[in-house]
Amino acid sequence: MRVNLTINGQPRGDEIEPRLLLVHYLREVAGLTGTHVGCETTLCGACTVLLDGKAVKSCTVLAAQADGASVTTVEGLAKDGKFHPIQEGFWEEHGLQCGYCTPGMMMAAVDLLNRTTNPGEDEIRHALEGNLCRCTGYQHIIKAVQYAAEKMRATAGR
Amino acid sequence: MAVIPKFVGARIKRREDPRLISGTATYVDDVRLPDTLTAVVLRSPHPHARINSIDVAAARSAPGVVAVLTGEDLKGKVGGIPCVAPAEHIPFHPLLAQGKVRFVGESVAVVVASDAYLAQDAADLIDVDYDPLDAVSDPEKALADGAPILHEEFGANLATRALIPNPAVDEAIAKADRVIKFRIVNQRLAPVPMETRGVLAQWHQASGQLTLWTSTQIPHLLRSALAAVLSLPENRVRVIAPEVGGGFGAKLNFYREEALVAYLSRMLGRPVKWIERRRENLATTTHGRDQITYLEVPVKNDGTVLALKAKFICDMGAYLQLLTPAIPGFSGLMMTGCYKIPAMSFEQVMVFTNKMATDAYRGAGRPEAAYIAERTMDMVAAELGLDPVEVRRRNFIPKEAFPYATCAGLVYDSGDYNAALNKALEIVDYPKMRAEQAEALKHGRYIGIGIASYVEICGIGPSAMLPPKVPGWESATVRMEPDSRITVLTGISPHGQGQETTFAQMAADAFGVDIDDVAVVHGDTAIVQYGVGTFGSRGLSVGGTAVMMSVGKLQEKLKKIASTMMEAPPDQLTFTNRTVALKSDAAKAIPLQAVVDAAYGWKMPIPGMEPGLDATSVFEPTGCTFPFGTHIAVVEIDPDTGVVTFLRYVAVDDCGNIISPLLVAGQVHGGIAQGIAQALYEEVVYDENGQLVTATLMDYAAPRARMLPHYELAHTVTPSPLNPMGVKGVGEAGTIGSTPCMVNAVLDALKPLGVRHIDMPLRPEKLWRAFKDAKKA
């Protein structure tokens with residue numbers, strides 16, 4: 001079957017098998033390996049991407065379900081060669097160690113920051129509940145999200 | 001050096017991060033080679049069964065399939081997986097099961113196809129005729145007469161035994177005021193790195209060379225093992241650890257699939273990739289802990305501990321991986337903790353069961369030891385009605401006693417245990433907290449305060465302490481390139497720890513250059529000199545020392561050359577601001593680049609000096625480092641639900657001097673998270689028949705953000721005398737301190753109920769039962 005969709009602002013269309021998962025489409029067909037597979041069962045969040053602006057676990061979405069949709073992956077976060085505030089936050093606050101959960105974690109955080117501009121610690125912990133990190137113990141991730149929120153508020157206020 | 005460090009000790013953002021946050025890092029599954037085939041492994045659903053036959057005909061003719069192999073196809077063609085630790089019985093460890101399967105998930109057959117979907121389709125068509133056998137998952141039952149035997153050739157399930165006897169322990173037991181006896185369990189855990197294991201092999205037929213990309217902590221050691229199993233010369237095998245998504249000890253190993261995929265690539269003449277699924281990861285990547293300990297603790301009525309006697313039952317699982325039987329040794333040797341306990345003895349019985357093999361998991365033997373020591377201190381306090389702080393103080397090794405030879409024969413390098421304890425007590429305001437706890441209890445609120453003062457063994461160490469083929473030394477090459485930029489090639493293989501940053505900080509300061517002028521390279525055996533790897537919190541203390549040794553050699557050469565150019569003695573020179581300058585007068589300087597030009601022979605001022613700026617060093621430690629600290633947790637337990645709420649978590653860690661404060665905090669946070677996870681949540685569960693119950697992340701409770709506290713960190717600084725940086729290591733400290741700390745806190749909250757001990761994980765259900773049982777009584 002055929003899917004037509006937009007990935008990180010670029011339209012594309014491909015012939016695919018109906019059973020192909022979105023994460024495998026992104027990685028194997030579109031060549032975007034920044035989105036990782038961690039569990040294949042929606043439990044770890046490593047594969048989180050934005051589907052029409054909302055965070056989804058791309059390991060349990062069929063590529064066919066993304067037909068006509070707009071997908072944003074970690075590769076689409078930076079604009080004009082400049083990191084997105086969430087990327088800056090993760091770097092600045094040491095929000096990553098091995099980096100494997102990071103793309104999915106950042107996409108889930110972007111989804112949160114699209115909904116709220118000044119999330120508190122509990123709110124962030126709650127919003128990231130679908131994303132596992134085994135390295136950081138989460139504290140620096142929370143600071144990273146707060147850093148990004150502050151930066152985005154400052155930019156929006158200007 | 002008179003120059004003040006610019007990068008060492010400063011808050012430096014990691015050099016690794018841009019590629020990781022942009023999604024451009026290359027993990028194994030991101031490597032793309034043309035014509036790559038995908039392997040899928042068929043695994044045993046049975047914990048113990050005889051294989052009568054395997055019918056692969058349908059799979060072989062399925063679409064896209066290139067090959068299907070079973071254990072029979074490999075017989076005599078390839079070696080087994082090695083265990084380098086000494087043991088009485090080391091079973092043959094095949095790449096695919098031969099005749100029998102011994103744990104759920106054991107590899108039985110492999111399918112290679114043009115993509116993963118087709119390979120899985122074909123694997124589903126394989127028909128294995130099993131004869132299920134009785135299985136045993138409880139290591140104590142596995143030792144009993146009549147238990148199902150895993151490896152018939154050994155006649156029993158005993159893998160090996162370790163015995164450290166000491167008659168002084170029995171004398172202490174005879175003359176003690178009291179002897180406290182208890183049994184504690186360090187339950188089986190799954191390391192769960194977010195990136196599962198993964199392997200890509202490429203055989204180069206014309207040159208007879210093999211390249212293996214694998215998610216590992218030990219590329220060089222793995223190369224040696226792989227070459228041996230496949231009977232290839234080591235100089236024809238290249239192992240690359242690309243970006244590695246966490247290891248935690250689980251990737252300090254050599255696995256069946258690494259050899260199998262390499263074998264398949266050689267057989268088929270095409271690249272072959274295998275990526276572990278999470279379900280496989282939970283079933284077939286090494287587990288950690290799984291020790292039962294029976295303790296006898298003779299004490300005086302004032303709380304002085306006179307000796308420690310332990311019997312360990314250690315669950316090896318079905319086969320022995322690289323270091324499986326070596327891990328419990330650290331639990332025994334370190335179980336006296338921070339305390340001047342005059343005598344100890346232990347017996348360790350290591351047992352085969354129908355489970356995945358255990359091996360190193362963050363802390364590897366020392367979390368178990370700290371758990372023993374710190375539960376012992378709280379047991380003594382509870383038994384004698386003393387404050388847990390007082391019992392610890394009474395037994396601490398005093399700071400004047402370092403270097404301190406323990407009764408287990410280890411030499412602790414340096415320490416000040418009271419300082420860390422006092423700092424932690426001050427941060428939580430201990431007397432006030434105890435008063436609040438008492439007040440809360442009057443209102444039916446159960447608050448607990450838990451203390452753990454830990455010490456651990458790191459920077460291992462003299463090679464004699466380790467099994468053959470896993471030495472304790474580490475290597476580094478430091479090269480100053482012709483443009484005076486620096487390349488550091490390290491034998492360690494970081495996978496999240498951040499030594500691309502730490503080593504750059506050190507080298508930049510040493511040569512007075514910018515941190516951007518330093519590149520740190522690791523994880524490729526074709527580029528980096530033979531090294532050992534990243535484990536046991538050794539990256540900085542051992543690997544970093546090798547870097548500094550090479551730095552020193554280059555400094556010496558550069559100074560020698562500069563001294564002729566500047567007409568000043570070498571020992572009067574220093575490196576600052578991209579110059580070689582007089583220590584006494586920084587204005588008297590020549591550009592570093594001019595000295596480098598000379599060194600490369602373009603204007604060599606010293607006749608006969610070997611051109612170039614390249615130095616390789618190997619650091620063999622003379623002893624181990626012993627990081628320590630005190631963690632204090634304050635929790636509240638809801639008697640109606642058994643849910644634990646975190647009120648405070650304070651960690652005072654002493655890892656010696658700190659090179660990179662941001663990275664140290666990251667290591668401590670992550671360590672605490674994994675330690676709390678053992679205390680409260682995680683447990684690999686096999687049912688009594690050996691079936692794996694926790695085979696998904698729905699069942700295995702790796703903690704999420706809301707399940708962990710906010711950490712408050714502080715440090716004391718007691719440098720190690722054993723390396724030039726004075727560092728001790730910090731990768732595992734958090735894990736080691738936090739498990740007993742959290743358990744002590746929860747059990748402290750339950751003290752009014754008369755509860756002395758509950759085995760981990762202290763999940764709400766167990767705590768709810770404790771309240772319910774107390775009500776009944």
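## A helix pair in chain B

Let's start with two helices of chain B: H7(B), covering residues 219–230, and H8(B), covering residues 256–268, pack at an angle of about 55 degrees, and their axes are 10 Å apart. Please keep in mind that this is a predicted model. Angles from 65 to 115 degrees would count as roughly perpendicular and those under 35 as roughly parallel, so H7(B) and H8(B) are oblique to each other. Their crossing is right-handed.

Which residues make the contact between H7(B) and H8(B)? From H7(B) come Leu222(B), Leu226(B), Val229(B) and Leu230(B), while H8(B) brings Glu258(B), Ala259(B), Ala262(B) and Tyr263(B). By class, this contact has seven nonpolar residues, one charged residue and no polar ones.

## Two domains in chain A

Over in chain A, the chain is divided into domain 1, residues 2–76, and domain 2, residues 85–157. A distance of 21 Å separates the C-alpha centres of these two domains of chain A.

## Where the domains touch

How many residues of each domain of chain A are in contact with the other? Domain 1 of chain A contributes 15 residues and domain 2 of chain A contributes 14.

On the domain 1 side of chain A, strands E3 (48–51) and E4 (54–57) each supply at least two of the residues that touch domain 2. The largest share of that side, three residues, comes from E3(A). The side of domain 1 of chain A facing this contact with domain 2 has seven nonpolar, seven polar and one charged residues.

Key
Residues numbered from 1 in each chain as written. Chains lettered and ligands numbered in written order. Predicted model: local features only at pLDDT ≥ 70, side-chain atom pairs only at ≥ 80, totals over all residues. Axes fitted to C-alpha atoms, helices over the stretch in contact; angles between N-to-C directions. Helix = DSSP H or I, 4+ residues; strand = E, 2+ residues; numbered from the N terminus. Parallel < 35°, antiparallel > 145°, perpendicular 65-115°, else oblique. Left-handed = near helix turned anticlockwise from the far one by under 90°. Contact = placed C-beta atoms within 7 Å. Nonpolar A, V, L, I, M, F, W, Y, C, P; charged D, E, K, R; others polar. Domains from an automatic or database assignment.
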